[in-house]
Amino acid sequence: MSDRYTVFFEGRIMPGKNTDMVKERLKSALKTDDQGLARLFTGDPVAVRKATDKATAETYKKVFAAAGAFCEIHK
């Protein structure tokens, strides 16, 4: 059985990035609405993707980084 990973986001953005711009980029990249975006930025860890393969988890990490935000991958 292959390893499964969960991608978590806690609302942390990269230093020097504009919060509104990061939110708009994530909204577009994740194809979510304002409610979905609000759930991401509560300050609590949110599982963005559960039980996924390593490659998909790394893709999510790259998407968040491109938007100017940090996410974490947990096994």
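Helices are DSSP runs of H or I with at least four residues, strands are E runs of at least two, and both are numbered from the N terminus. We're working on a predicted model, where local features need pLDDT of at least 70, side-chain atom pairs count only at pLDDT 80 or more, and totals for chains, interfaces and linings use all residues. Residues are numbered from 1 along each chain as its sequence is written, and side-chain values use heavy atoms, leaving out hydrogens and water.

**Exercise 1.** Find the residue that follows α1 and give the sign of its phi.

Solution. Go just past α1 and you meet K31. The phi of K31 is positive, near 50°.

**Exercise 2.** Work out how the rings of F9 and F41 pair up, and which parts they tie together.

Solution. Step one: two aromatic pairs turn up here (ring centres within 6.5 Å; planes under 30 degrees apart are stacked, over 60 edge-to-face, the rest tilted). Step two: the centres of F9 and F41 are 5.2 Å apart with planes at 80°, so call this pair edge-to-face. Step three: F9 sits in strand β1 and F41 in the loop between α2 and β2 (46–52), so parts 32 residues apart in sequence get tied together.

**Exercise 3.** Do the same for F9 and F64, then decide: is F64 buried or exposed?

Solution. With centres 5.0 Å apart and planes at 45°, F9 and F64 form a tilted pair. F64 belongs to helix α3, so its pairing with F9 in β1 joins parts 55 residues apart in sequence. F64 has a relative accessible area of 0%, so F64 is buried (buried is under 20%, exposed over 50%, partly exposed in between, with a 1.4 Å probe and protein chains only). Put together, ring pairs link F9, F41 and F64 into a cluster.

Conventions. Phe/Tyr/Trp six-rings, centres within 6.5 Å; stacked < 30°, edge-to-face > 60°.
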